[in-house]
Amino acid sequence: MKYNEKELLSLSKQPAEKADELLMKGPKKGSVLKKRLIKLVVNFLFYFRTDEEEPIGALLLENCKIIQEEDHSFSIYFMEVPERKYTFECSSKEQCCEWIEALNHASYEFMRKSLMFYRNQIQKMTGKDPLEQYGISEDTRFQMGPNKL
């Protein structure tokens, strides 16, 4: 997937859902853990050198798995390319668990499922589709499929 560099740079400057300095190791052979500022903005994970304002990279958190490796570390790998694995080391088990939860909630698919769940709950309580007022109630992205929540 291609991205517009200006738009990504602009997005990286938005307020973060979560940001910390973590140790990070990229997918290249021989890569070592390096201290990076890690910043989660919507469904992008930006990483920066700790003394720079522009990101050196970004990961789109779609079609990926977040796995806790040890008490203080987790990895992100992508379904299409499982060997493309990024490893992060946190300062505590609690920090690691917080990051895993935040990353799991950052994907478009998670947000869509949450929207569908709450839409269904509101519709059960009120008898009205809450998306109807926005003219998107018939949009196929927001329809319940065979796997209802």
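**Exercise 1. Order of elements**

Task: Give the order in which the elements of the protein chain run from the N terminus on.

Solution. The model is a predicted one. Read from the N terminus, the elements run α-β-β-β-β-β-β-β-α-α. The count for the protein chain is three helices and seven strands.

**Exercise 2. The chain as a whole**

Task: State what percentage of the residues of the protein chain count as buried, and what part of its exposed area carbon and sulfur atoms supply.

Solution. Step one is burial: the protein chain has 149 residues, and 32% of them count as buried. Step two is the surface: about 10,100 Å² is exposed, with 50% of it supplied by carbon and sulfur atoms. Step three is contact range: among contacts with a separation of 6 or more, 43% are between residues 24 or more positions apart.

**Exercise 3. Strands 5 and 6**

Task: Determine whether strand 5 and strand 6 run parallel or antiparallel, and how many bridges join them.

Solution. Strand 5 covers residues 64-70 and strand 6 covers residues 73-78. The two strands run antiparallel and are joined by six bridges. Within this pairing, C64 of the protein chain stands opposite F78 in strand 6. The connection is a hairpin, which passes from strand 5 to strand 6 through two residues.

**Exercise 4. S73 and K93**

Task: Classify S73 as buried or exposed, then list what S73 touches beyond four places in sequence.

Solution. S73 belongs to strand 6. Its relative accessible area is 8%, so S73 is buried, the cut-off being under 20%. Leaving out residues up to four places away in sequence, S73 touches Q68, F88, E89 and C96.

Task: Do the same for K93, stating its accessibility class and the residues that K93 touches.

Solution. K93 is found in helix 2, residues 93-104. With a relative accessible area of 41%, K93 is partly exposed. Its contacts, again without residues up to four places away in sequence, are Q68, D71 and H72. For D71 the C-alpha separation from K93 is 5.1 Å, although the two are 22 residues apart along the chain. Q68 appears in the contacts of S73 and in those of K93.

**Exercise 5. Helix 3 and a surface patch**

Task: Compare the reach of helix 3 with its expected span, and name the residues that form a nonpolar patch with M111.

Solution. Helix 3, residues 108-126, has 19 residues. From first C-alpha to last, helix 3 reaches 26 Å, close to the 27 Å expected at 1.5 Å a residue. After the helix comes G127, with a positive phi near 80 degrees.

M111 lies in helix 3 and is partly exposed, because its relative accessibility is 38%. On the surface, M111 joins V42 and F110 in a nonpolar patch, and the three together have about 230 Å² of accessible area. V42 comes from the loop between strand 2 (34-41) and strand 3. V42 is partly exposed at a relative accessible area of 40%.

**Exercise 6. Loop residues**

Task: Find the phi of V42 and of N63, and place D51 in the chain.

Solution. V42 is not a glycine, yet has a positive phi of about 55 degrees. N63 is likewise not a glycine and has a positive phi of about 55 degrees. N63 sits in the loop between strand 4 and strand 5 and is exposed, with a relative accessible area of 52%.

D51 is in the loop between strand 3 (44-49) and strand 4 (57-60). D51 counts as exposed because its relative accessibility is 65%, and the cut-off is over 50%. Its C-alpha lies 9.1 Å from that of R36, 15 residues apart along the chain.

Definitions and conventions: Residues are numbered from 1 along each chain as its sequence is written. This is a predicted model: local features need pLDDT of at least 70, side-chain atom pairs count only at pLDDT 80 or more; totals for chains, interfaces and linings use all residues. Side-chain values use heavy atoms; hydrogens and water are left out. Helices (H or I, at least four residues) and strands (E, at least two) are DSSP runs, numbered from the N terminus. The expected span of a helix is 1.5 Å times one less than its number of residues. Two strands pair if DSSP finds at least two bridges between them. Patches are made of residues with over 30% relative accessible area and no salt bridge: like charges are joined within 9 Å, nonpolar side chains (Val, Leu, Ile, Met, Phe, Trp, Tyr) within 5 Å. Accessible areas come from the Shrake-Rupley method with a 1.4 Å probe; for residues, only the protein chains shown count as cover. A salt bridge is a side-chain nitrogen of Lys or Arg within 4 Å of a carboxyl oxygen of Asp or Glu. Buried means under 20% relative accessible area, exposed over 50%, partly exposed in between (1.4 Å probe, protein chains only). Contact means heavy atoms within 4.5 Å.
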